[in-house]
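Q: Could you take a close look at the charged side chains in this model and where they sit? I'd enjoy one connected walk through them, and then on to the parts around them.

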Amino acid sequence: MTLLRPAACRPGTFLPVLFAWVRRACHPIAAATLGMALAACGTPPRVPFTAEQQVEANVPGFRNVRFWADSQTVAREAARFSQQQPGEFSYLALSGGGGDGAFGAGLLNGWTQAGGRPAFTVVSGVSTGALMAPFAFLGPAYDGTLREIYTGGFGITLIDSPSLINAVFGSGVFDGNRLRSLVRKFVTDRVVAQIADEHRRGRRLLMLTTNLDAQRPVIWNMGAIAASGSPDAADMFRSVMTASASIPGVFAPTLIPAESNGYVFSEMHVDGGVTANVFILPQDILLRSPRLLAGRQANFYVIMNGKIEPSFDVVRNRTTDIAGRAISTMTQVQSRATLQAVHAFARRNGIGFHLAFIPEDVPDGGSMGFDTGYMRGIYAHGYERALSGSIWSTSPPGVPAHAVQVTTTVNRADRR
């Protein structure tokens, strides 16, 4: 059993919205300009490479900073997570969800105010979860940064002025620099240096991207990048963050340099939510790492930046509505499967399981959830619920709440 399960991007958002933009943009004047734009707007060709070169590829200047999430070389990867801090082992997993990331940002801020928020041993992020992960990792000192990112009106700027030319001849509907600029604004060199310090103390910050060339998920050890000593460490850190949040077709993919036996090429990485909407390290890594969990109190905290429960709605008989509802259904089903797998693993090993998600009766946000008013409202919802102490469920929907103890130690018998 692996704790990683495939999932789509934010439910029912980018595909139907993309269709709608293209339909509106297909005005006769726009159509007349497409031929003239063809020669100017194509993306440059990529350097070809083989599957064998991909398997052996490394990022130039960065060794041992990533691995395939579905890799079988668990013993080697487990050794990279073998450092141990005293006290509780706490793992925070932050899901994808577009503008619904404001829910997680509000939750973390409210958790700080309510008290009891741990200094997480491991933080993992996917898509919008990757955007908030560095600041969740660094702790309450960056609560204000999280609040600004998700309530300061930056979200809507990412999806202003879609371009039909880019959609047809480019690699994304929007200017690919928008997301990177947002990351650069908040992920300063000082932030990267602080993450490097925490990595040296044994804590781990992870992000997930999807390698489209290989059709495989990639786990990036962001602290290892930050602490690499490379002069390009901060830029590489930001590139991986941007890639993890780059919804394919909406934002341009991130091309990450790679090298295999002296041959240099680039890999195409996009939103980690294409392969997993939320992830916990594979169980073999957690259990085989000799010092990671042994004899420690352990807890999983999972923040789902979206809804995971089925909801009823009469779907209009239109292509965009049907596609959106189908994506939403697929994502929810796969996310629930992931959560049930994590919960079952936690139960077998005496690990506390804590889940937060947006209730199904909360109204959806338009524009991929990036509407500023909606983001402020869902931020407040997460904040107030965390402050009230009613945010956490100890089991996924449909699983009895008494199925796992909340705080205990790892079952050594399951570590064989």
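A: Happy to. A salt bridge here is a side-chain nitrogen of Lys or Arg within 4 Å of a carboxyl oxygen of Asp or Glu. Please keep in mind that this is a predicted model, in which local features need pLDDT of at least 70 and side-chain atom pairs count only at pLDDT 80 or more, while totals for chains, interfaces and linings use all residues. Residues are numbered from 1 along each chain as its sequence is written, and side-chain values use heavy atoms, with hydrogens and water left out.

Let's start with the setting. The protein has 16 helices and 10 strands (DSSP runs numbered from the N terminus: H or I of at least four residues for helices, E of at least two for strands). Of its 416 residues, 56% count as buried (buried is under 20% relative accessible area, exposed is over 50%, and partly exposed is in between, with a 1.4 Å probe and protein chains only). Among contacts between residues at least 6 apart in sequence, 81% join residues at least 24 apart (a contact means heavy atoms within 4.5 Å).

Now to the charged pairs. Side chains of opposite charge can pair when their charged atoms come close. The count of salt bridges comes to 9.

Arg238 is a good place to begin. This residue is found in helix α13, residues 233-244, and its side chain meets that of Asp235 in a salt bridge of 3.1 Å, N to O. The two are 3 residues apart in α13, so about one helical turn separates them. Their surroundings are worth a look too: Arg238 counts as buried because its relative accessibility is 9%, whereas Asp235, at 46%, is partly exposed. The pair also belongs to a network of salt bridges that links Asp189, Asp235 and Arg238. Asp189 turns up again among the contacts of Arg238, which, leaving aside neighbours within four places in sequence, are Val183, Arg184, Val187, Thr188 and Asp189.

Another pair brings together Arg117 and Asp143, whose side chains meet in a salt bridge at 2.9 Å, N to O. Arg117 lies in the loop between α5 (101-114) and β3 (122-126) and Asp143 in helix α7 (residues 143-151), so this pair ties together parts that are 26 residues apart in sequence. Arg117 is buried, with a relative accessible area of 14%, and Asp143 counts as buried at 5%. A further salt bridge joins Glu198 to Arg203, with the closest N and O atoms 3.0 Å apart; both of these residues are buried.

Next comes Arg46, in the loop between α2 (28-41) and α3 (51-56). With a relative accessible area of 31%, Arg46 is partly exposed. Its side chain is joined to that of Asp213 by a polar contact of 2.8 Å (a pair of N or O atoms within 3.5 Å; within protein, one must be able to donate a hydrogen and the other to accept it, and residues adjacent in sequence count only if both atoms are side-chain atoms). The Arg46 side chain also reaches the backbone oxygen of Ser266 at 2.7 Å. Not counting residues up to four places away in sequence, Arg46 touches Asp213, Leu255, Ser266, Glu267 and Met268. Arg46 and Met268 are 222 residues apart in sequence, yet their C-alpha atoms are 9.7 Å apart in space.

A polar side chain also appears at the start of helix α16. Asp371 caps the N-terminal end of α16, with a side-chain oxygen 3.2 Å from the backbone nitrogen of Gly373. The buried residues of α16 are Thr372, Tyr374, Met375, Ile378, Tyr379, Gly382, Arg385 and Ala386. They cover an arc of only 165° around the axis, which puts them on the same side of α16 (the arc is that of the directions from the helix axis to the C-beta atoms). Just after α16, Gly389 takes a positive phi of about 80°.

To round off, have a look at strand β8, residues 297-303, where 6 of the 7 residues are buried. Strand β2 (residues 89-94) pairs with β8 in the parallel sense over 6 bridges (strands pair if DSSP finds at least two bridges between them), and Ala93 stands opposite Val302 in β8. Strand β9 (residues 352-356) also runs parallel to β8, joined to it by 5 bridges; there Phe353 in β9 is the bridge partner of Phe300.
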